[in-house]
Amino acid sequence: MSLEELQDYWNTHVELELKREGFDPERKPTYEEITEAGYSGIAYALREHHDMTLSQFLATVGYTDASSDAYTWGIDDETTIDELEAYVRTIDRRRGLAQSTVDTKRARLAQFARVYADIHGQADLVARVGDGTNRQEEIQRLLAVFDAFHHDLESDASKLKYYGDVNQFYDHLERRAKAAFNPVAGIKAEYNWQRGDPNNQPLTTRQVRRLYKAAVDPGEKLIVLGLCAWGLRRNEVASLHHSQLVLETDDPHIAFENRKNGPGTVALLYGVDELVDRIDWLGGRDRDWNGYVLPSRASNSGHIIGETVQRRFQKLAHRAEVRVDGEVPTSKMGRRFWYTTYLKAQKQLLDSLNVIAGEQGSSDPSVVLNNYLSEAERRRYRRKFMRDRLEDAFGR
């Protein structure tokens, strides 16, 4: 198997077998556990055919070491470090969180501790809540830290995520009788932070550029293109077939017989060369290629599934250090980038027609767009502005 096929096989077979054997699917499996599940040859295959260790491979399918012993907190207070690490181990073991979520929470706590140390000289967080004698002073210290977050963080959602993680850490100390009080319990009332809807957040142009640059193989690049440049749903990316592609034309597009909103086409304003290269490579490598752009021999359908697109997209975002309001973005946020970019291109087109509208005695450029341009002209201009924006996002 290629590395990509081996990753798919892991997700569709090995993980399920490990789960049937009773192993925790969220925890990184050991070599002994993998052997016990019947896959002892995987380490040899990785070493001989892909020049990878088992640990390196497991990192590519979403497993990272849960232990935080080697994590650099960036502070000097050993007691605080010990309690932070104990807390991270607790939430990793008991809350059933994805490893990426645990890593994100740990990163926020580390940032909080470093800001505290920068402002107050040292991050002796635990010692200062050990009894209630300096409650007032410690609350003031924490207010100073959150004033810094309030100033430096862009969105209210990010500020609330930092507050939530810090508040939960102090609650953890209280439950274990290591803190006499929680100094941040009422701090949120000091600010007018409003939590937005995370599902409506799109990626930015800069974030898409970072994702695309971080993609290390054609499959990853096509996932970013499919979501962000073509506006496809993740299931549509997963099941894309070469028979849907109309590439050798002045109007390259993807044709859909059955889509959520019925039959239709999606214009390919960017990424045609990448699609052609992918198809040539797949067809040249395997005479029995089934025609899917993201094939999988381990799947009955012959292609990867939408959940695999989601996992790979989030793994890529983790590698590229792309976050939306402090969280690893979802594939939906990539698709929303396409929508917001299209709306911006439409606005740019209307702005460009303002002069003509004025000469026609109209204050509304949409009058020119709808009444004085043909449908073909409107489509050509929209696509020009959209193509320019996509080229900016993907680095050309």
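User: Hello! Which helix holds the place of Thr80?

Analyst: This is a predicted model, where local features need pLDDT of at least 70, side-chain atom pairs count only at pLDDT 80 or more, and totals for chains, interfaces and linings use all residues. Residues are numbered from 1 along each chain as its sequence is written, and side-chain values use heavy atoms, leaving out hydrogens and water. Helices here are DSSP runs of H or I with at least four residues, and strands are runs of E with at least two, numbered from the N terminus. Thr80 sits within residues 78–94, which form helix α5.

User: Is Thr80 buried or exposed?

Analyst: Buried means under 20% relative accessible area, exposed over 50%, and partly exposed in between, using a 1.4 Å probe and protein chains only. The relative accessibility of Thr80 is 0%, so Thr80 counts as buried.

User: Which residue has its backbone oxygen 2.8 Å from a polar atom of the Thr80 side chain?

Analyst: Contact means heavy atoms within 4.5 Å. Leaving aside neighbours within four places in sequence, Thr80 is in contact with Ile75, Ala123, Asp124, Leu125 and Val126. The backbone oxygen at 2.8 Å belongs to Ala123.

User: Which helix gives the most to the largest nonpolar core?

Analyst: A nonpolar core is a set of buried Ala, Val, Leu, Ile, Met, Phe, Trp, Tyr and Cys residues joined through side-chain atoms within 4.5 Å. The largest one has 52 residues, and Phe394 and Trp230 are among those with the most contacts inside it. Several elements supply at least two residues each, including α9 (205–214), β2 (253–256) and α17 (375–393). With seven residues, the helix that gives the most is α10.

User: Why is α10 largely enclosed by the rest of the structure?

Analyst: Among the buried residues of α10 are Leu222, Val224, Leu225 and Cys228. Phe394 touches Val224, Leu225 and Cys228, among others, not counting residues up to four places away in sequence. The helix is largely enclosed because the buried residues number ten of the twelve.

User: Which residue caps the N-terminal end of α10?

Analyst: Let's look at both ends of this helix. After α10 comes Gly231, with a positive phi near 70°. At the N-terminal end, a side-chain oxygen lies 2.9 Å from the backbone nitrogen of Gly219, and the capping residue is Asp217.

User: What share of the protein chain counts as buried?

Analyst: The protein chain has 17 helices and three strands. Of its 396 residues, the share that counts as buried is 46%.

Key. A polar contact is a pair of N or O atoms within 3.5 Å; within protein, one must be able to donate a hydrogen and the other to accept it, and residues adjacent in sequence count only if both atoms are side-chain atoms.
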